[in-house]
Amino acid sequence: MKPRLFQNRVVPGFVLAILACVLLSAANEVYRRVPQPAAGGSANQSPASAATMPVATSDRMAWFRHDKFGMFIHWGPYSKLAGEWQGHRIPVGTEAEWIMQRFNIPVAEYRQLAHQFNPTHFNPQEWVSLAQATGMKYIVVTAKHHDGFAMYRSQVSQYNIVDWTPFGRDPLMELSQACQKAGIRFCVYYSHREDWDHPDGYGNNWDYDRSKKDFDRYLEQKSKPQLRELLTNYGPIGLVWFDRGMDTPEHARQIVDLVHQLQPRCLISGRVGSYGQELMGDYQDMGDNGMPTGGLEEYWETPQTLNTTWGFSRFDEQWKTPGNVIHRLVEIVSQGGNYLLNVGPTGEGVIPQPSVERLHEIGAWLKVNGEAIYGTTYGPVQGQSFGRTTRKGNTIYVHVFEWPKGALELSGLRSRTISATLLAGGRPLAFKQSGDRVWLTLPEEAPDPSVSVIALRTE
Ligand code: GLC
């Protein structure tokens, strides 16, 4: 299936419901074909052995479709600034990792700040265990953000965490190894177009003269060689998360080809570039924190912050509640998407405690209700006021946001219900069905204060 771009527009619920029914059989067909491994090996093969064979999109996407939930990590020298430079503060609600650009910090000065980056509390096992305890199946970590600083050992530029800082370790190598051990997919974010440190990259027009920039030079000197390093030295990479799309399809194509050449199974995020209706990546990324209302059968992902910034800010206390996050996860998965939830570790390398607490609560919910998330497809019944649905084989999972008094009515079912069970506690529920309507008898109290899930086994 060639990825297409779908719009972030509002579609009425009833249109979605019809669309869902029409698309259900076709999409399941696609889904069923997905898990077949391609000739030549599994996703964990070495990049070198993978490089010989072309891999069908649906096969490469299988893990992404199944896994649903990943951890985004925004971490770099900006984390040390924590939202403040020389008394200027990044307003809460905006992105602290943009601090260099926002205050036009001169390159020479930012480089000095980066010299002092020394995250001695960084513990890769701890981060990976946290992702695991949260129920996240992949980790996407910033290898280079727009500030141009490489968070890994790079031969291409001295401006990297190993050569430039007292820390002297390669956190990406350590994380990739910890991920491999834990069975979590290791993925990287790489800002392929924006670079405020390089004279030819996009975005820095305060130190560099825009008219003298030669973008191809930047691509050849930094962006492509660094990608080559990442895709060669860190084992299998699940996906590369690009950002801020290339200006021309030709440039985006060069990046896509390079990734495919080095690791054919590696996925490419939609922000590598999109042109008209054509998406160059393998899946579409929604706007930050955004939701689509269509595209059930497409591959897509929503990246979201836990507070309001990606990179750490010590001023941002606007934390989402675990309930908010669980609702959002269910909303996304019920429409066929993936959820990439962000943490912004501090300059010392510590994931902030409010994030840790929230993630543990989300993980506790997934421990009970995970079967209604992983490996599911979008719900067959869309647009219900009480909550959402997801589906796996003949089981329909009813995710109840608003717990009604006494009974819940579900309409639009196309098959006969055999049983109804609450996932929390495994208690069976009495039900009646007439045509496409089912009435479920509910206990007085919702078993889960955020989202309670009922599994309906159907014929
Ligand atoms: C936005 C931010 C960028 C961040 C990205 C993550 O594009 O500007 O800094 O990396 O969102 O989705």
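A polar contact here is a pair of N or O atoms within 3.5 Å. With that cut-off in hand, let us walk through this predicted model, starting at the ligand.

Glutamate 95 meets the cut-off, as a polar atom of its side chain sits 3.1 Å from a ligand oxygen. Histidine 74 also reaches the ligand, with a side-chain N or O atom 2.6 Å from one of the ligand's oxygen atoms. Arginine 271 adds another such pair, in which a polar side-chain atom and an oxygen of the ligand are 3.4 Å apart. The protein buries 95% of the 310 Å² that the ligand exposes when taken alone.

Now step back to the whole shell. The ligand is surrounded by 13 residues, and the closest are His74, Glu97, Trp98, His145 and Asp288. Sorted by class, this shell holds 6 nonpolar, 5 charged and 2 polar residues.

From the ligand we can turn to the nonpolar interior. The largest nonpolar core has 95 residues, and those touching the most other members are Met71, Leu172, Phe186, Val240, Leu341, Leu359 and Trp365. Both domain 1 (54–372) and domain 2 (379–458) supply at least three residues to this core. There is also a second, separate core of 17 residues, with Phe386, Val400, Val438 and Leu456 among them.

To see one of these residues up close, centre your view on leucine 172. Leaving aside residues up to four places away in sequence, leucine 172 touches Val141, Thr142, Ala143, Met151, Tyr152, Phe186, Val188, Leu230 and Tyr234. Phe186, one of those partners, is likewise listed with Leu172 among the core residues that touch the most other members.

Key. Residues are numbered from 1 along each chain as its sequence is written. This is a predicted model: local features need pLDDT of at least 70, side-chain atom pairs count only at pLDDT 80 or more; totals for chains, interfaces and linings use all residues. Side-chain values use heavy atoms; hydrogens and water are left out. A residue is near a molecule or strand if one of its heavy atoms lies within 4 Å of it. A polar contact is a pair of N or O atoms within 3.5 Å; within protein, one must be able to donate a hydrogen and the other to accept it, and residues adjacent in sequence count only if both atoms are side-chain atoms. Accessible areas come from the Shrake-Rupley method with a 1.4 Å probe; for residues, only the protein chains shown count as cover. Ala, Val, Leu, Ile, Met, Phe, Trp, Tyr, Cys and Pro count as nonpolar, Asp, Glu, Lys and Arg as charged, and the others, Gly among them, as polar. A nonpolar core is a set of buried Ala, Val, Leu, Ile, Met, Phe, Trp, Tyr and Cys residues joined through side-chain atoms within 4.5 Å. Buried means under 20% relative accessible area, exposed over 50%, partly exposed in between (1.4 Å probe, protein chains only). Domain bounds come from an automatic or database domain assignment. Contact means heavy atoms within 4.5 Å.
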